[in-house]
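Subject: Structure for your review: aromatic contacts

Dear colleague,

Please find the structure below for your consideration. My notes on its aromatic contacts follow.

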Amino acid sequence: MVHTPAPGRSVVFADGVRTPFGKARPDGIHAQTRADDLVVACLRELLRRNPSLPPERIEEVAVAAATQSGDQGLVLGRSAALLAGLPVTTPGYAIDRWCAGAMTAVTTSAASIAVGALDVALAGGVEHMGHHPLGAGMDPNPRFLTERIVSPDALDMGKTAEALHDRFPQLTKERADAFAVASQEKFAKAVANGQVEADLVPVASASAELGWGLATADELARPGTTVEGLANLRTPFRPHGRVTAGNASPLTDGATACVLAAEDVAAELGLTPKMRMVGFGFAGVEPEVMGLGPVPSTEKVLQRTGLTIDDIGLFELNEAFAVQVLSFLDHFGIADDDPRVNLYGGAIAIGHPLAASGVRLMTQLARQFSEHPEVRYGLTAMCVGLGQGGSVVWENPAWEGFTHEGTAA
């Protein structure tokens, strides 16, 4: 006899915030701010924005970081919960799936809610790449290379992006540069329209030279970028290559966090669902072409939810590299300039603080859902270092096809 498990509880994304994203440099806005304090700012802002949520009802805090040491160590979820003033009874933990850390914090917390182990959780991520440069402190097992488990290039993300260009010659540098310029243009438009600032948490910024300041806006965007301006940039990962600083995400400092709850509990507490989780999937690919990861993870979640790519009305795809997004779009037959993709621009303009980015995608999708009641389903997806992909399908509670009883019309 085959046992079919009972369906889990419906899980909703009730709110999401992020800090301004800063340059991972000594002169960046967060250069002298601790990584854990960036997380704390996000947690406190979620509590401020949701006064009907009693802190004692928060039953878990999951915070991701790709480098779990220094100011990103000490069981980050638990330490950030204490620093944010949550009750001492609130547990927390740290999680790592590199670039998909915050995404995994969300899916892991959501799974716990779905099976009834939790009612409400906070999930997010942080990466202070100024304090913790990419790969700092890593000690890869030498068997990776001696036993040819991966190629030497697999541990260099820029080289994996160049490998995508090699594998798919139609993914030209010209297409990558054009996509990058469009990302900058869309982000500048979203900022001008007030679609970005609404979800930013102002963060006090300390400077030994300048004193205290207040970080209120992202600082990585390059408005006015042109294809001509990108054409001759240096290709640091390969002589005469195709990946440049102009068509890749910059090194970034920043944090994100969100509120997740069982849908019935959200109603009880007066929280307004912004998205309803439909399903999620993670998958592995050859580490040498890690940018392909979102393709099988998306295929997996679509198969498990009974949806097709045509059902997805909005896409939030992390732009680690332009070529990585283009490989996804080509696979699914989506045009480079499809208006459903990254409406507010992406990481090429905004920045990619590794483990924090997953919730940035979700927060943007949630706002887009509210602006587009004609759209029922959206996708957040990203590639992950060492050859993985993560994808989450969300449903729009504001979809105009729902009746007042919450069922499909």
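In these notes, two rings of Phe, Tyr or Trp (its six-membered ring) count as a pair if their centres lie within 6.5 Å; planes over 60 degrees apart make the pair edge-to-face. Please note that the model is predicted. On this basis, a search of the whole structure returns four aromatic pairs, two of which are described here.

One of them is formed by Phe-13 and Trp-394, which meet edge-to-face, with 5.9 Å from centre to centre and 80° between the planes. This contact joins distant parts of the chain: Phe-13 belongs to strand β1 (residues 11-18) and Trp-394 to strand β12 (residues 388-395), 381 residues apart. Phe-13 is buried, because its relative accessible area is 0%, and Trp-394 likewise counts as buried because its relative accessibility is 0%.

A further edge-to-face pair consists of Phe-315 and Phe-328, where the centres are separated by 6.4 Å and the planes by 75°. Here, strand β10 (residues 312-317) contributes Phe-315, while Phe-328 comes from helix α10 (residues 322-331), 13 residues apart. Phe-315 is buried at 0% relative accessibility, and Phe-328 is buried with a relative accessible area of 2%. Together with Phe-332, Phe-315 and Phe-328 form one aromatic cluster.

Two arginines also deserve mention, as each lies over the face of a ring. Arg-18 is placed over Phe-21, at 4.4 Å from the ring centre. Arg-97 is placed over Phe-282, at 3.7 Å from the ring centre.

Yours sincerely

Conventions: Residues are numbered from 1 along each chain as its sequence is written. This is a predicted model: local features need pLDDT of at least 70, side-chain atom pairs count only at pLDDT 80 or more; totals for chains, interfaces and linings use all residues. Side-chain values use heavy atoms; hydrogens and water are left out. Rings of Phe, Tyr and Trp (its six-membered ring) pair if their centres lie within 6.5 Å; planes under 30 degrees apart count as stacked, over 60 as edge-to-face and the rest as tilted. Helices (H or I, at least four residues) and strands (E, at least two) are DSSP runs, numbered from the N terminus. Buried means under 20% relative accessible area, exposed over 50%, partly exposed in between (1.4 Å probe, protein chains only). A charge sits over a ring if NZ of Lys or CZ of Arg is within 6 Å of the ring centre and within 35 degrees of the ring normal.
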